[in-house]
Amino acid sequence: MKPPRPLSLDNAPLDRSPPLARREFLALGCAAGLATLAGCTTPLMRGQSPDVEVTDEKRLELIGDYTRPWGLNWVKLESVALVTNLANTGSDPPPGEQRSRLTTEMMSREVRKPDEILASPTTSLVLVTSYLPPAVQKGDPLDVEVRVPQRSETTSLRGGWLMQTRLRQMAALGGSIRTGSVEALAQGDILVDAVFEGQDDKILETRARVLGGGTAGITRQLGLAISNDGASIRTSTLIGAAINKRFFTFDAGVKKGVADPQRDNFIELSLSPRYKHNLARYLRVIRNIPMRENPVERTERLQLLGKKLLEPATAGVAALQLEAIGHEAAPLLKQGLESTEPEVRFYAAEALAYLDEPEAAAPLCKLAEAESAFRWHALTALATMSHVTALDALNDLLHVKSIETRYGAFRALRIRNSADPASKGESLGQKFRYHVIPTTGEPLIHIARSRAPEIVVFGHEQRLTPPKYLFAGRKIMITTSDTGSGDLKIGRFEAGEEPRYETCPPLVDKLIRTIVGLGGGYAEVIQCLQEAQKAGCLECRLAVEALPRPNRKFYKDDDPLPDAPTEADEAEAAADTVSRVTTPSPEMFTDSLQEAAEKSRPDERLAAPAGETYVNPASEKPAPSFLDKLKNPLGIKPPAR
């Protein structure tokens with residue numbers, strides 16, 4: 001699909017003067033003539049002194065003056081699908097457009113007697129939503145949201161399986177429903193929101209996720225659109241050449257620039273691997289690359305940016321422009337690491353990390369631990385580095401006090417190298433990823449709610465106080481063994497089958513493995529751990545989706561701090577832009593479903609929690625789906641829920 005021609009931007013038109021080489025030649029000739037007549041030497045005729053005083057900033061044309069990013073929107077995909085394997089909590093969907101679409105889909109897959117299947121209480125019609133992020137690659141995993149329609153009589157999706165469904169874009173055009181081509185597939189185990197909340201809420205029982213259950217079927221294009229005022233083949237070629245001097249990738253072992261000028265008003269961009277999880281920063285750095293700059297101008301600008309970097313108010317922009325220059329600017333960025341201002345040290349270290357300079361690791365590690373406002377960005381920057389100092393820094397953060405820092409560091413390690421034996425973990429019963437991380441910090445268990453089903457246990461030999469009873473789903477119960485040994489007795493009870501029993505020591509690791517061995521999955525293990533925590537049997541902390549969060553305020557030493565920060569205080573701090581991180585937010589810790597829902601409901605967005613208080617977004621009202629808006633031909637009024 002070709003990108004639309006961009007609207008005119010309020011930029012000055014391109015300079016239509018002679019080509020760069022010719023102009024520089026004429027300038028050199030004039031300067032030489034003037035120098036001869038004046039009997040003196042100009043800076044053009046002698047090397048510029050490195051300590052020259054630069055007082056006025058010259059207006060330099062940047063790529064961002066002529067372009068805007070293209071392809072940064074999230075594409076919403078939807079479908080009507082079928083959930084099976086319900087414990088008689090499903091329902092027969094009422095007549096209407098949604099049922100008709102599902103029946104047609106089932107018949108296209110050669111499903112016999114679809115109406116009989118839909119009538120079964122073990123099945124339910126559901127609405128499925130997912131999002132294609134910017135620059136997604138074909139085959140990338142996607143989180144999927146699943147929920148029942150408003151008129152459905154289904155009471156719970158717990159334990160269900162989402163049958164494979166084809167996701168498309170949908171829109172109402174000309175009074176009829178139009179759908180696009182298939183852009184993703186989805187299927188997998190259903191995890192109701194009530195599982196993560198640890199409560200039996202009727203609404204949460206009918207809303208669910210399939211973590212990593214979607215698969216992107218297309219690769220989305222990323223690029224720069226050139227304003228109409230400056231669009232020309234010459235401009236497009238000039239911009240592409242400037243970008244390719246700074247960024248490149250390898251295609252079948254051949255070095256290749258990331259920019260490919262397609263037309264006079266559009267440049268396609270390949271994604272640099274180092275910026276895969278911080279796309280916004282990648283584009284911002286590109287737009288800070290000069291259109292053209294001679295060595296003298298570069299020297300003067302480096303000196304000016306070096307001064308701006310040391311000022312907290314201008315450090316963020318200066319660091320981005322130095323990063324756009326590349327390794328030539330690394331010495332100036334390293335000077336910023338010695339600043340007494342935390343903002344300056346952070347911006348300098350972040351830029352150095354994307355240049356893969358080892359000096360960035362130590363300050364980013366300290367800032368990630370000490371300053372929550374910088375944590376999100378610092379961990380992402382460390383994950384981009386290939387130097388061993390970044391690995392050491394992330395391993396050090398596994399032992400700190402902050403829960404979100406510890407799990408954030410673990411996720412960064414997994415993204416940095418998923419095959420690393422220290423964080424690779426194992427797949428338990430082919431149902432979820434399981435990791436046991438040695439740590440000198442406080443024992444902790446973390447449960448993931450996005451990207452993939454995953455349990456991370458920080459600390460070996462975590463013990464449980466033997467309980468009276470705990471449940472892991474509807475079929476598995478945990479009690480204390482009657483032998484007096486203090487062991488746990490785990491039983492599985494199912495109608496028409498003999499009960500199965502297993503015993504294990506009162507250790508978290510052994511309990512999890514035994515539940516899986518008896519047929520339990522991710523939801524069953526989560527329920528057991530939550531019940532153990534409520535009963536006081538769990539001797540460690542339990543956290544759900546404890547991720548670093550954006551929009552936190554940085555308090556300086558001389559700023560007044562609240563006596564006891566609350567969620568309201570944190571919301572007010574998030575609205576204050578004076579002391580927030582000014583660089584773009586990375587995507588490594590983004591929950592795509594939550595972010596898309598929040599963008600569609602800006603007035604209902606949850607405040608960022610303060611300190612170590614984590615609030616799951618499951619209790620939020622879901623964003624309206626296009627499929628919710630389908631007309632009801634029978635005029636049936638939805639029941640109150």
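A salt bridge is taken here as a side-chain nitrogen of Lys or Arg within 4 Å of a carboxyl oxygen of Asp or Glu, and by this rule the count comes to 24 salt bridges. The structure is a predicted model, in which local features need pLDDT of at least 70 and side-chain atom pairs count only at pLDDT 80 or more, whereas totals for chains, interfaces and linings use all residues. Residues are numbered from 1 along each chain as its sequence is written, and side-chain values use heavy atoms, with hydrogens and water left out.

One of the salt bridges joins the side chains of D115 and R99, at 3.2 Å from N to O. This pair links distant parts of the chain, 16 residues apart, with D115 in helix α3 (residues 114-119) and R99 in helix α2 (residues 97-108). Helices (H or I, at least four residues) and strands (E, at least two) are DSSP runs, numbered from the N terminus.

Helix α13 (residues 388-396) packs with helix α14 (residues 403-416) at an angle of about 150°, their axes being 9 Å apart; axes are lines fitted to C-alpha atoms, for helices over the stretch in contact, and angles run from 0 to 180 degrees between N-to-C directions. The contact (heavy atoms within 4.5 Å) is made by V388, A390, L391, L394 and N395 of α13 together with A409, A412, L413 and R416 of α14.

Two open sheets can be described, with strands taken as paired if DSSP finds at least two bridges between them. The five-stranded sheet has the order β16-β17-β19-β18-β24 and mixed pairing. Its edges are formed by β16 (426-428) and β24 (541-544), each with a single partner strand, so one side of each is left without a neighbour in the sheet. β16 pairs with β17 (residues 432-437) in the antiparallel sense over three bridges, and S427 stands opposite R433 in β17.

The other sheet has four strands in the order β20-β21-β22-β23, with antiparallel pairing. Here β20 (470-472) and β23 (500-504) are the edge strands, each with a single partner, so one side of each lacks a neighbour in the sheet. β22 (residues 488-492) and β23 pair over five bridges in the antiparallel sense, and R500 in β23 is the bridge partner of R492.

The helices that lie across these sheets are set out below.

| Helix | Strands crossed | Direction |
|---|---|---|
| α14 | β17, β18, β19, β24 | about 120° to β19 |
| α16 | β20, β21, β22, β23 | about 165° to β23 |
| α17 | β20, β21 | about 160° to β20 |
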